[in-house]
Structures are given as C-alpha cells and as structure tokens.
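Biologist: Could you take a close look at the salt bridges in this model? I would like to know which residues pair up, where they sit in the chain, and whether they are buried or exposed.

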Amino acid sequence: NNNEENLQEEEITLLEKPIRKPRAELVEDKLSENSDEEAEDLEANALAAEAIKEAAKEDLENDENAEEFSEENLEEQEAEKLESKIISFNVKNDNKKPFVAPVSAEDASYEPATKEFKVSKLEEESYTKPTPKKVKGDYIFPSVDLLAKPKPVDESAIENYQDRMDHIVESLKTFNIGVTPSEAVVGPVITRYEVKPNAGVKIAKIVSYEDDIALGLKMKKVRVSVTDRGTVGIEVPNKIRKDVSMRDIIESKEWNESKAEIPVVLGKDVTGKPVVLNLAKMPHALIAGSTGSGKSVCINVVIASLL
C-alpha cells in the first residue's frame, strides 16, 4: 500500500511539473514573430543562427539519452535554414507591388462624380442706343458724356476657373462633404461656382462652412446660395476684377428700353447683366451693409439715375 501511495504521489508530482520546451524551439518561435523588416538584416540572421546553435547544445547536454553532438552536422543544418530564410525573403521582396490604400465606400461618397464643368460668360450684344431726350418739359437732361467711360479690360489676364473649382471641392471634402462640379458663371466682379451635392449631403451643412471655404480659398469672404437649377452656388471674388461703369448701363438695352416710370441703375448681377429697377414701385428702400460695401455709391447712383 505504501508503494502504491508513493507511486501515486510521484505521478501527481510529474503531472504538476510544466513540460519544458527545448530552448532551440523557443528561440525559433521568437524569431518567427519578427517582422519582415528585421529579416532584411543578414547580420541579425547570423546572430540568430548562433543563438539557435547554443540553445541546441544546451538541450543536447541536458538530455542523457541524446546521441553524441556533432558540431559539423549542426552547422550544416543551420546554414541550410538560414539560406532558406534568405531565399524566401528575396522571393517575397521580388513579388512586392506598390502599396495602394484601399478606398472605402464612405471615402468614395466624398469624391466628385466628374471634375468637368461648364464656364458660362455673358456675351455682350451689339446694341445701338437711341438718341437720348434732351428736354422734358422745363427740364434739360445732362449729356451722358459727363459720365466716365468703362476702363478697358486686360484680355491677357486669365482667371483659372478649374483651379478655383478644385480648391472648393477639396475644401468641402476635408469636412466630409462630397460635391460634384456643375458650372462656373463668370461675372465682372465675382464668379459663381455651382456644385451639386452628393447623395445624403444637406445644403445647410455646406452653408455652415462658408467661412472655412473662404479660408481654404484664401479669400476674406465668400457667399453660399441655392440656385434655381438644383445646385449650390458659391460666389467667389475674382482675382481680376472689372469695373462696373454707370455709363455702360445707361447706354445698355435694359436702360433705354425699360418700361419703368422712374428707372434706377443698381449695377450688374452675378452674370454681368445690367440691373435696372423701377423706383416708383419702391415706396420704402433700405440700403444697408458693412463699412466699405458701397452704400454711399449706391445712393449717388440712385440720384444720378433720377437726373
């Protein structure tokens, strides 16, 4: 009975002892966890081979039933292992291709469907103004020659509309807003860049980033509005501005063929078309704006229109 109890205690003791893994295998396992970048270093591989060899020696010395250790055989085996690692590493490198980051479905929704858009400019019509009235009752109309002629435009200066549109699209993309270019409507002072919001984009979100768009375009201010063509218009000041002359509007078709009782010149719209309104239908007029926006000029033009 005592012998059986001793045997049982020895079995329990053996079961409780952890099974020791050979050090050579532990070193190889550790090396297999290393990245491909570490495998590039041949010197590191050589040091690894030495470590495996030393660990194998210890395992063989500790194992009483092991055969006689042969250093020549071990060196040949490790050389073969090292050579196979180098060959497999070179094959991996030869098959490597340039890494291209995959585009997720979410990122793709911010990309424009196309980068092409139309540039619209107002073509000036050839118009011959009629002979102006000189007298109406006791009132003598002043000559239009008192007004300055519009300054000639530098035709050599070209506005880069494609670059501006690309900047707008990229600026909105940084805020996870996807739009597609539609059209650029060119005016004398500003250009309206029209874009179509991608599916799921709220117009209010685009309007809320008005100041950020201006910052991205390196402009003091831009204006975002909704057009009647299902697009969002972003009005950006032109780098090359044209002067809007009152004489140019007085000599236009819109002024001379206006049916207004008291026509008043206001200027030109975004597209460059002259704007003439009927003051008789405006019993109350509010002229407001920030400093330097042109309130005084507006009042002077209204008075000059009456004259």
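**Salt bridges between strands, loop and helix**

Modeller: Arg223 and Glu235 form a salt bridge in which the closest N and O atoms are 3.0 Å apart; the term requires a side-chain nitrogen of Lys or Arg within 4 Å of a carboxyl oxygen of Asp or Glu. Because Arg223 belongs to strand 6 and Glu235 to strand 7, this pair ties together parts that are 12 residues apart in sequence (strands are DSSP E runs of at least two residues, helices H or I runs of at least four, numbered from the N terminus). The model is predicted, so local features need pLDDT of at least 70 and side-chain atom pairs pLDDT 80 or more, while totals for chains, interfaces and linings use all residues. Residues are numbered from 1 along each chain as its sequence is written, and side-chain values use heavy atoms, without hydrogens or water.

The two partners of this first pair differ in exposure class. Arg223 is partly exposed, with a relative accessible area of 46%, whereas Glu235 is buried at 9% (buried is under 20%, exposed over 50%, partly exposed in between, with a 1.4 Å probe and protein chains only).

The structure holds nine salt bridges. One of them joins Arg229 to Glu194, with 2.4 Å between the closest N and O atoms. Here the link runs between distant parts of the chain, as Arg229 is in the loop between strand 6 (223-226) and strand 7, Glu194 is in strand 5 (residues 190-197), and the two are 35 residues apart. Glu194 counts as buried because its relative accessibility is 1%. Arg229, at 43%, counts as partly exposed. Both residues also belong to a network of salt bridges that links Glu183, Arg192, Glu194 and Arg229.

A further pair involves a helix. The side chains of Lys268 and Asp248 meet in a salt bridge with an N to O distance of 3.1 Å. Lys268 lies in strand 8 and Asp248 in helix 10, so this pair, too, links distant parts of the chain, 20 residues apart. Neither partner is buried: Lys268 has 27% relative accessibility and therefore counts as partly exposed, and Asp248 is partly exposed at 29%.

To sum up your question on burial, the acidic partners Glu194 and Glu235 are buried, while Asp248 is partly exposed. On the basic side, Arg223, Arg229 and Lys268 are partly exposed.
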